[in-house]
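This report describes how a ligand is held by its protein and how several strands beside it are arranged. Please read it alongside the sequence and the model shown here.

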Amino acid sequence: MIDLKDFEYDELTEYLLSIGEKKFRAEQIFSWLHRGAESYEEMTNLSKATREKLEKETYVSTLKIREKYVSQLDGTVKYLFELPDGNCIESVVMRYHHGLTICISSQVGCRMGCRFCASTIGGLYRCLTAGEILNQVIFAQKDIGERISNIVIMGIGEPLDNFDNIIKFLHNVNHEKGLNIGYRHITLSTCGLVPKIYDLAEENLPITLTISLHAPNNEIRDTIMPVNHKYKIDELIKACKTYYEKTGRRISFEYSLIHGVNDSTENAADLANLIKGMGAHVNLIPVNKVEERDFEKGSKAEINAFREKLEKMGINATIRRELGSDISASCGQLRKKVL
Ligand code: SAH
């Protein structure tokens, strides 16, 4: 059976024509699906015959809310969604002054093996389909009843390890007949799959690309991010520069501060030298403690000193504010608990 949300708009149109439907049906159906319809019955502007025809080969995919937590501190909402095959993924909706931002997953599990990350414990189970990626936005928005205006692909999984489905998802979520979320309101985060960064640059989508760097040199990065054995830091930075030149979009870097591993002021200086001249921004994230791992964050003073060193050397840096700390909103933690 086909999930029509796995089709891009043109593919949907083609499919409908192939089963003898009129072209204008595509707009109707696309719009129903992306507004959160859960069955063809709800699509009241379709004839009964059309609905019956659709039911032969296709279905309307949904996501079940298995658990939901609302932070009493800041209104952050965390969902544990259940997929049709029983697997679970997490999505988090955060309230910012510029609107609601959703953090979505791209895979069930992850095979990148970053040492500090909860999502990779247990490895990769499978990639999400384009429809499953989109459904997180659709059903969170439906549940909350307010428009979600920003997306960060920073949940469970490595989005560039699920490249084709992510591109399809991006086209669909941006489509004016669907959720119509601007590319500039979408951020994709990657641990640094270098060839895929070049592929993404070719797609020429004005999204924001952010790189999970977490180390200023190969020596440190090798010990915390296995992907660095395959793609070394200088190759990664070169890909980032190409991406910036090609798309005109500045890259940002994520840097989780792990006490005693990558958070000295010397590390900050090395980091500044590594990324200077790209107009890049650095997001500093005091590492979240994961039970199975023994990484700790440094003191407030140490974290500030790291930021100040970067600023002094001309690199823009912010320390990420922690949202939803009372509901373990950080990615991977909820799914792991349920497993
Ligand atoms: N695979 C993609 C998407 C995950 S994004 C990527 O690597 O970018 C999630 C971000 O949170 C990444 O920057 C990741 O490195 C970071 N992260 C994961 N576990 C963390 C932890 N325990 N503390 C702080 N940051 C963490």
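## Ligand surroundings and strand order

A polar side-chain atom of His214 lies 2.6 Å from an oxygen atom of the ligand, a polar contact being a pair of N or O atoms within 3.5 Å, where within protein one must be able to donate a hydrogen and the other to accept it, and residues adjacent in sequence count only if both atoms are side-chain atoms. Of the accessible area of 540 Å² that the ligand has on its own, the protein covers 91%, with areas taken from the Shrake-Rupley method with a 1.4 Å probe, and for residues only the protein chains shown count as cover. The model is predicted, so local features need pLDDT of at least 70 and side-chain atom pairs count only at pLDDT 80 or more, whereas totals for chains, interfaces and linings use all residues. Residues are numbered from 1 along each chain as its sequence is written, and side-chain values use heavy atoms, with hydrogens and water left out.

The polar contacts of the ligand are set out below.

| Ligand atom | Protein partner | Distance |
|---|---|---|
| nitrogen | N or O atom in the side chain of Glu158 | 3.0 Å |
| oxygen | polar backbone atom of Thr190 | 3.3 Å |
| oxygen | polar side-chain atom of His214 | 2.6 Å |

Around the ligand there are 18 residues, of which Phe116, Ser189, Ser212, His214 and Asn288 come nearest; a residue is near a molecule or strand if one of its heavy atoms lies within 4 Å of it. By class, this shell has eight nonpolar, eight polar and two charged residues, where Ala, Val, Leu, Ile, Met, Phe, Trp, Tyr, Cys and Pro count as nonpolar, Asp, Glu, Lys and Arg as charged, and the others, Gly among them, as polar. Strands β10 (186–190) and β12 (252–257) each supply at least two residues of the shell; helices (H or I, at least four residues) and strands (E, at least two) are DSSP runs, numbered from the N terminus.

His214 itself lies in the loop between β11 (208–212) and α7 (218–224), and it has a positive phi of about 65 degrees although it is not a glycine. At 4% relative accessibility His214 counts as buried, a class that means under 20% relative accessible area, with exposed over 50% and partly exposed in between (1.4 Å probe, protein chains only). Asn180, in the loop between α5 (163–174) and β10, also has a positive phi, of about 60 degrees, without being a glycine, but Asn180 is partly exposed at a relative accessible area of 41%.

From β12 the description passes to β13 (residues 281–286), where five of six residues are buried. The strands β12 and β13 run parallel and are joined by six bridges, with strands counted as paired if DSSP finds at least two bridges between them; Tyr255 has Leu284 of β13 as its bridge partner. Together with helix α10 (residues 265–275), β12 and β13 make a right-handed β-α-β unit, right-handed meaning that, with the strands pointing away from the viewer, the path from the first strand over the helix to the second runs clockwise. On β13, pairing in the parallel sense with strand β14 (residues 316–319) extends over four bridges, and Val282 stands opposite Ala317 in β14. The chain crosses from β13 to β14 through helix α11 (residues 300–312), and this β-α-β crossover is right-handed.
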